[in-house]
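Open the model in your viewer and get ready to select residues by number. We will go from one helix to the rings around it, and then to other rings.

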Amino acid sequence: QKNEMPERATPFSEELVLALAAYCLDVDRNMACSVAFLVGFYGLLRTGELFGLQAKDLNFSDDKSTAVLNLGYTKGGKRRGVEERVVLDNIAVVRLLFLLSENLKPGDHVFSLGVVKFRSLLAGLIKIFGLEGLNYKPYSMRRGGATHLFRCSASFDRTTEVGRWSSVKTCRIYVSDAIQV
């Protein structure tokens, strides 16, 4: 392991994540899968964080233009002793998330399909899109979202903050690898 680079998940481009989400919504009629792709990508969420979200963890602005996702004590939050939050401000994504979650009870999982089923759905989509062998995984959402944010903001500091990494050095690993793809 010391001599070989780890095999990292290939980041999704924004175009690909939008295509996957659209396919789920239009062809499969699977709104939860569609919204999971979008929230995972634009929220830079870890897979466990995404599928651990419960309805009580979501707070929407009155006009549904932003949402705060309360993640609790996540990987980085445990180290720092703070609960973490993510702010989504992509209006289309926020409104889809609201539609998906508005009739859920507080303890219901927002994405009830779960990680295992999502992995299976993703594998099927990768096959349908002809992308086998490119190492796309659920974590591709977080890596792709970070790369997209960096390209839009040109700021490692901003990307580090939104991605909740403890250092710019860690963020650079995500973004630098991905920009080379």
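Select V116, S120 and K127: these residues of α6 are exposed. Bear in mind that this is a predicted model.

Now select the whole of α6, residues 114-128. The helix has 15 residues and reaches 21 Å from its first C-alpha to its last. Which residues of α6 are buried? Colour G114, F118, L122, L125 and I126. They cover an arc of only 130° around the axis, so they lie on the same side of α6. The exposed V116, S120 and K127 are on the other side.

Next, show what the buried side packs against: α1 (14-26), α2 (31-42), α3 (47-52) and α7 (140-153). Then step past the end of α6 to G130, where phi is positive, near 70°.

Go back to F118 and add F37; both are buried. There are nine aromatic pairs in the count. In this one, the ring centres are 4.9 Å apart and the planes are at 55°, so the pair is tilted. F37 belongs to α2 and F118 to α6, 81 residues apart in the chain. Add F12, F51, F111 and Y136: with F37 and F118 they form one aromatic cluster.

Move on to F60 and F98. This pair is edge-to-face, with 5.2 Å between centres and 85° between planes. F60 is in strand β1 and F98 in helix α5, 38 residues apart. Are these rings buried or partly exposed? F60 is partly exposed at 22% relative accessible area, and F98 is partly exposed at 24%.

Keep F98 on screen and select K64, which lies over the ring face, 4.7 Å from the centre. Last stop: R172, whose charged end sits over the ring of F156, 4.2 Å from its centre.

Terms used. Residues are numbered from 1 along each chain as its sequence is written. This is a predicted model: local features need pLDDT of at least 70, side-chain atom pairs count only at pLDDT 80 or more; totals for chains, interfaces and linings use all residues. Side-chain values use heavy atoms; hydrogens and water are left out. Helices (H or I, at least four residues) and strands (E, at least two) are DSSP runs, numbered from the N terminus. The expected span of a helix is 1.5 Å times one less than its number of residues. Buried means under 20% relative accessible area, exposed over 50%, partly exposed in between (1.4 Å probe, protein chains only). The arc is that of the directions from the helix axis to the C-beta atoms. Contact means heavy atoms within 4.5 Å. Rings of Phe, Tyr and Trp (its six-membered ring) pair if their centres lie within 6.5 Å; planes under 30 degrees apart count as stacked, over 60 as edge-to-face and the rest as tilted. A charge sits over a ring if NZ of Lys or CZ of Arg is within 6 Å of the ring centre and within 35 degrees of the ring normal.
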